[in-house]
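Reader: I should be grateful for a close look at the salt bridges of this model. Please set out which parts of the chain they join and what surrounds those parts.

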Amino acid sequence: MEHTTAANSNADEIRSLRVEGLLPEMDAKYLYGCFSDHGQVVAATVLHNVRTGFVEFTSRSWAEMILKSYNGHGMPNFNQRYRLKWDMDSASMMWRWDYAYERCSYFGFNDAGRELNANKALLRYKHLIPAVNEKPAAAAAGQQHQEGESDLVNQNCEAILYEEWCKERFLYLCMEELCKEKDGCYVIRTLKLSNLLSCSCKFDEKIGKIITCRHCASCNVPFELQKRAWLRTTDFCSKKMKIPRLMGCASYSGGILFAGGLDQSPDQTQAPYFVPSRKCYFFKPGDISNDYPEWIRLPSDIKSGKPEALLVNVDGSLYCLSGLLVGQQVVHPTFEVYNRDYGRWVPLPDPPFYTPEALNYKRGDPRAGTHLSYAIMGTKLLVSSKIPGSNSPHFPVCCFDVMEKKWTEVTTLFNGKPFPFRRGALVVDLEDGTHDKVMFYFNNYFAIRVCRLVVNEDDGSIKNSPHQSLGIDTLMTSLLEITIQNQSMVKMSWDFVDLGNKKVCFVLSSSLPEVRDDESACCHRQTLRLLVLVIQFQVLESGDFSFKFLATRTFEYQGHFPFIWHPNLQGCFLL
C-alpha cells in the first residue's frame, strides 16, 4: 500500500484516491457508488484509456480511512479487488479528461440531488470544497471490530465448534432503496458474524449512549459494514434490463433469491404504471475472500405475478406467497413452491384469505393480503393478514404444513386473531425436552416481545403464552432519534436472525431527514441508521425466559441515492 511521506509539503492537501485496474464496465457512477456508503465523496471519474479511476473525498482523513479499509478487498458486482493508492498529483477531480471517449467521465450531485457534469460542478462548488489541513483521525475507528478476533472464552467442545462456525459466516443485509425519481436499487451489505459476537458494548440508559467495550475500543477497522453488491432497478449489470421493484427475498441454496414485485408497465402514459412481476433473480455471494458476487437472472419465472411477494425458505424448500397492493387484483395461483428437481415453480392451494368468499369486500376497502405477517415453525408456515381500521375480513393465523400441503386455521393462537405484529417473527427451538418453541417479534410500541409457543403432542395444536417485553424505547430514542410521536414520519424496517446457541440478532433500519450545511451539499447522501442487537435467552425453571443483551451496535452509512424516501430492510440472512 502506498502512502504519502511526511516530507511532502502538500500531503495534507491530498484528499483523492487512485483506483487502478478497472474493468471497461466500471464507469464513474459505479465508482462513486462503491464508496458512497461510508466516505464523504465529492466526485468520481474514470479514465477508460488507462483503466484508472479517481475518487475525491471532502477530507484527507476520510480518504485515508477508505484506503486502509478497502484496499485489497473485493469490489461489488465484479471479480476484482480494490487497488487503491494516493492520488499524488492531486490534479483536481473536476478536470480529468478521458481521451479515449473525448469526454470527462465525471459523476457527482448538486444540492438538489441531481447529477452534474464537470463544468457545472466546478463553477458551482469549487469555492465550497474546503482546503484540508487535518491529520488522519485515528479516533474514527473507535467502535469497529478487527476481523478474525473473538472474545469467546468457553473452552468446551461445543463452544469451540460454535466459534469456528461463526468465523466462516457473514450476516447479509438486503436493502431496497427507492429515491424520489422512482429509481431504485437492491443493495447487499455484510457484517462478519465473529466480529459481531466479539462485541460486548452496552447501552447506558442514564447517559443515553453506548459504553464501548474493550475489544471495540482497541479496534482499528473503520468500516465493518461492507457494501458487497447492488442491483439497480433501471438496469441489470449494465445491460439496461428493467428490474422489478418491491421483490421479496429469501436465503436459498447458499445464496439469496429475489422474486415477484412490480414491473414498469410498457405504456407509461396511463395507469396502471406498474404490473405484478413474475421474474426471479439469484444472488450468489461466493467466497468473500477468494470469489466474487454474481447476479443471475433465473430462466424459470413464477407462474403468476406477485406484488410484495412473501418469499420464505421452509424446511429447505422455497415458497412464494403473493401480497397485494391497494387497487391490485388477485392473480392466481397466489401460492407456489419451487421444485428443485424440475427447475420450475409449482402451484399450491390458495390460503383462506384468498378464497372467493374472502375476496368479496366493500368497494374502496383494502383486501386481505395487503398486510402479511408470518413466522416459520419447523415444517409449518404461519401467515396472517391484518388491516388496521379496515372492514375487510380478519382471519385467524393460517398454517400451511409443507408435509401435508394444505392450509388450516389456527384458532388457538392469539385468541383466534391475526398476528399482533407486522412483517416477520422468529421462532426458535427451546431444546428443553419438549416440542415447544420461543417466538420473537417487534411491535410499534418499541418493544421486542417474546412468548412461548406450546405444542400439543397429541393433536399438534399450538397455543401461545402471555408475552414478555424487552423495552428498547430509550435506546431507539437516543441512538436512532425515533420516538412514538415521530415514528409515522420515519421509515422503519426490521428483521430477526437466529444465530444459534440461544442467541438472536435483531436488526432495525431507519432514516431521518437531515439538516445539511452548504459545504456538504455537493456530495450529500441521506444518512441511514442501523441498530443491531445480539440477545441471549435462557429458559428458567418457572418456564419464563431470562434475557441478556450481549452487544448493542449502531452503524451509519450513506444511501445509494440522494433523498431516499423508502429504505426497506427486506431480509437478514446468515451465509
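**Salt bridges and their surroundings**

Author: The count comes to 17 salt bridges, a salt bridge being a side-chain nitrogen of Lys or Arg within 4 Å of a carboxyl oxygen of Asp or Glu. The model is a predicted one, in which local features need pLDDT of at least 70 and side-chain atom pairs count only at pLDDT 80 or more, while totals for chains, interfaces and linings use all residues. Residues are numbered from 1 along each chain as its sequence is written, and side-chain values use heavy atoms, with hydrogens and water left out.

Consider first the pair Glu 336 and Lys 306, whose side chains meet at 2.4 Å, N to O. Glu 336 belongs to strand β20, whereas Lys 306 lies in the loop between β17 (294–297) and β18, 30 residues apart along the chain. Helices (H or I, at least four residues) and strands (E, at least two) are DSSP runs, numbered from the N terminus. With a relative accessible area of 0%, Glu 336 is buried, and Lys 306 is likewise buried at 0%. Buried means under 20% relative accessible area, exposed over 50% and partly exposed in between, with a 1.4 Å probe and protein chains only.

The strand that carries Glu 336 belongs to an open antiparallel sheet of four strands, in the order β18-β19-β20-β21. Its edges are β18 (310–314) and β21 (344–347), each of which pairs on one side only. Strands count as paired if DSSP finds at least two bridges between them. On average, neighbouring strands here are turned by 30° against each other, direction ignored; axes are lines fitted to C-alpha atoms, for helices over the stretch in contact, and angles run from 0 to 180 degrees between N-to-C directions. Between β20 (residues 335–339) and β21 there are four bridges in the antiparallel sense, and Asn 339 has Arg 344 of β21 as its bridge partner.

A second salt bridge joins Arg 189 and Glu 177 at 3.2 Å, N to O. Strand β8 (residues 184–192) supplies Arg 189 and strand β7 (residues 170–179) supplies Glu 177, with the two positions 12 residues apart in the numbering. Both Arg 189 and Glu 177 are buried.

In a third pair, the closest N and O atoms of Arg 553 and Glu 224 are 3.2 Å apart. This pair links distant parts of the chain, 329 residues apart: Arg 553 sits in strand β35 (residues 545–558) and Glu 224 in the loop between α6 (214–217) and β11. Arg 553 counts as buried at 2% relative accessibility, and Glu 224 does so at 7%.

Strand β11 (226–232) is also one of the elements against which the buried residues of helix α2 pack, contact meaning heavy atoms within 4.5 Å. The other elements are β1 (16–20), α1 (28–35), β3 (52–57) and β4 (84–86). Because nine of the 11 residues of α2 (residues 60–70) are buried, this helix is largely enclosed by the rest of the structure. Among those buried residues are the charged Arg 60 and Glu 64, together with Met 65, Ile 66 and Tyr 70. Just after α2, Gly 72 takes a positive phi of about 90°.

Finally, some of these contacts extend beyond single pairs: Arg 18, Glu 20, Arg 83 and Lys 85 are linked in a network of salt bridges.
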